[in-house]
Amino acid sequence: MKKLLIICCMLSLNGVFAQDVTGEVVGTVVEKNGSPIIGANVFIIDQDRKYQAMSATDGRFRISGIPAGEYAMNIRFLKDTMKNIPVN
(Lines give C-alpha, C1' and ligand atoms only; values in the text may rest on other atoms or scores of the structure.)
Protein backbone atom coordinates (compact mmCIF):
# COMPACT_ATOMS: atom_id res chain seq x y z
CA MET A 1 0.00 0.00 0.00
CA LYS A 2 2.85 2.38 0.86
CA LYS A 3 4.46 1.88 -2.59
CA LEU A 4 1.16 2.60 -4.36
CA LEU A 5 0.71 5.88 -2.48
CA ILE A 6 4.20 7.07 -3.42
CA ILE A 7 3.64 6.24 -7.09
CA CYS A 8 0.30 8.10 -7.11
CA CYS A 9 1.92 11.16 -5.54
CA MET A 10 4.74 11.09 -8.09
CA LEU A 11 2.29 10.84 -10.98
CA SER A 12 0.24 13.75 -9.70
CA LEU A 13 3.36 15.92 -9.25
CA ASN A 14 4.45 15.08 -12.78
CA GLY A 15 1.27 16.75 -14.06
CA VAL A 16 2.08 19.92 -12.10
CA PHE A 17 5.60 20.18 -13.50
CA ALA A 18 4.45 19.47 -17.06
CA GLN A 19 2.20 22.53 -17.20
CA ASP A 20 3.47 25.30 -19.45
CA VAL A 21 3.47 28.97 -18.49
CA THR A 22 1.06 30.93 -20.66
CA GLY A 23 -0.09 34.50 -20.79
CA GLU A 24 -2.47 36.76 -22.61
CA VAL A 25 -2.41 39.93 -24.63
CA VAL A 26 -5.21 42.42 -23.99
CA GLY A 27 -5.63 45.71 -25.79
CA THR A 28 -7.72 48.13 -27.78
CA VAL A 29 -7.48 48.86 -31.51
CA VAL A 30 -8.20 52.53 -32.24
CA GLU A 31 -7.97 55.03 -35.09
CA LYS A 32 -5.52 57.95 -34.88
CA ASN A 33 -8.38 60.10 -33.55
CA GLY A 34 -9.07 57.58 -30.74
CA SER A 35 -12.28 56.04 -32.10
CA PRO A 36 -12.43 52.22 -31.78
CA ILE A 37 -11.86 49.96 -34.77
CA ILE A 38 -14.51 47.24 -34.88
CA GLY A 39 -13.67 43.85 -36.38
CA ALA A 40 -9.88 44.15 -36.65
CA ASN A 41 -8.14 40.77 -36.77
CA VAL A 42 -5.39 40.65 -34.10
CA PHE A 43 -3.08 37.65 -34.26
CA ILE A 44 0.21 36.17 -33.07
CA ILE A 45 1.95 33.33 -34.89
CA ASP A 46 4.06 30.93 -32.78
CA GLN A 47 5.87 28.40 -35.00
CA ASP A 48 2.96 26.43 -36.50
CA ARG A 49 0.18 27.81 -34.28
CA LYS A 50 -1.83 31.00 -34.69
CA TYR A 51 -3.46 32.77 -31.72
CA GLN A 52 -6.06 35.31 -32.73
CA ALA A 53 -8.97 37.47 -31.71
CA MET A 54 -11.23 40.02 -33.32
CA SER A 55 -11.74 43.48 -31.84
CA ALA A 56 -15.20 44.08 -30.37
CA THR A 57 -17.50 47.07 -30.80
CA ASP A 58 -15.39 49.05 -28.32
CA GLY A 59 -12.15 48.03 -30.11
CA ARG A 60 -11.03 45.71 -27.31
CA PHE A 61 -9.52 42.27 -27.84
CA ARG A 62 -8.06 39.45 -25.72
CA ILE A 63 -5.77 36.63 -26.87
CA SER A 64 -5.26 33.97 -24.17
CA GLY A 65 -3.19 30.81 -23.80
CA ILE A 66 -0.03 32.15 -25.44
CA PRO A 67 3.20 30.43 -24.30
CA ALA A 68 5.68 32.76 -22.58
CA GLY A 69 8.10 34.41 -24.99
CA GLU A 70 8.59 37.27 -27.43
CA TYR A 71 6.32 37.58 -30.45
CA ALA A 72 5.22 39.93 -33.18
CA MET A 73 1.54 40.79 -32.85
CA ASN A 74 -0.16 41.61 -36.12
CA ILE A 75 -3.29 43.70 -36.57
CA ARG A 76 -5.16 43.51 -39.84
CA PHE A 77 -8.14 45.65 -40.72
CA LEU A 78 -9.75 45.49 -44.10
CA LYS A 79 -7.71 43.78 -46.78
CA ASP A 80 -4.66 45.99 -47.17
CA THR A 81 -4.15 47.53 -43.73
CA MET A 82 -1.61 45.68 -41.53
CA LYS A 83 0.40 46.72 -38.46
CA ASN A 84 3.16 44.65 -36.79
CA ILE A 85 3.84 45.30 -33.07
CA PRO A 86 6.49 43.53 -30.89
CA VAL A 87 5.07 41.86 -27.75
CA ASN A 88 6.95 40.19 -24.88
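Colleague: Which backbone nitrogen lies 2.8 Å from a polar atom of the side chain of S55?
Modeller: In this predicted model, the backbone nitrogen of A40 lies at that distance from the S55 side chain.

Colleague: And which backbone oxygen does the side chain of S55 reach?
Modeller: The side chain of S55 reaches the backbone oxygen of I37, at 2.8 Å.

Colleague: Where is S55 placed?
Modeller: S55 sits in a loop, with β3 (49–54) on one side and β4 (60–67) on the other.

Colleague: Is S55 buried or exposed?
Modeller: S55 has a relative accessible area of 5%. Buried means under 20%, so S55 counts as buried.

Colleague: What is S55 in contact with, leaving aside its neighbours within four places in sequence?
Modeller: Its contacts are V29, I37, I38, G39, A40, R60 and F61. Two names in that list have come up already: I37 offers its backbone oxygen to the S55 side chain, and A40 its backbone nitrogen.

Colleague: Let us turn to D46. Which strand does D46 lie in?
Modeller: D46 belongs to strand β2, which covers residues 41–46.

Colleague: How far away is the nearest side chain of opposite charge to D46?
Modeller: That side chain belongs to R49, and it is 7.2 Å away. A salt bridge requires the two charged groups to be within 4 Å, so D46 has none, although D46 is buried.

Colleague: What does D46 touch, not counting residues up to four places away in sequence?
Modeller: D46 touches Y51, P67 and Y71.

Colleague: I44 is in β2 as well. What is its relative accessible area?
Modeller: The value for I44 is 0%, and I44 is therefore buried.

Colleague: How many residues apart along the chain are I44 and Y71?
Modeller: They are 27 residues apart along the chain, while their C-alpha atoms are separated by 6.8 Å. Y71 is also among the contacts of I44, beyond the neighbours within four places in sequence; the others are V25, R49, K50, Y51, I66, A72 and M73.

Colleague: In what sense do β2 and β3 pair?
Modeller: β2 and β3 are antiparallel, and six bridges join them. In one of these, I45 has K50 of β3 as its bridge partner.

Colleague: Which residue in the hairpin of β2 and β3 takes a positive phi?
Modeller: That residue is Q47, with a phi near 55 degrees; the hairpin has two residues between the strands.

Colleague: How many bridges are there between β2 and β5?
Modeller: There are four, and this pairing with β5 (residues 71–77) is antiparallel. For F43, the bridge partner in β5 is N74.

Methods:
Residues are numbered from 1 along each chain as its sequence is written. This is a predicted model: local features need pLDDT of at least 70, side-chain atom pairs count only at pLDDT 80 or more; totals for chains, interfaces and linings use all residues. Side-chain values use heavy atoms; hydrogens and water are left out. Buried means under 20% relative accessible area, exposed over 50%, partly exposed in between (1.4 Å probe, protein chains only). A polar contact is a pair of N or O atoms within 3.5 Å; within protein, one must be able to donate a hydrogen and the other to accept it, and residues adjacent in sequence count only if both atoms are side-chain atoms. Contact means heavy atoms within 4.5 Å. Lys and Arg count as positive and Asp and Glu as negative; His and the chain ends are not counted. Two strands pair if DSSP finds at least two bridges between them.
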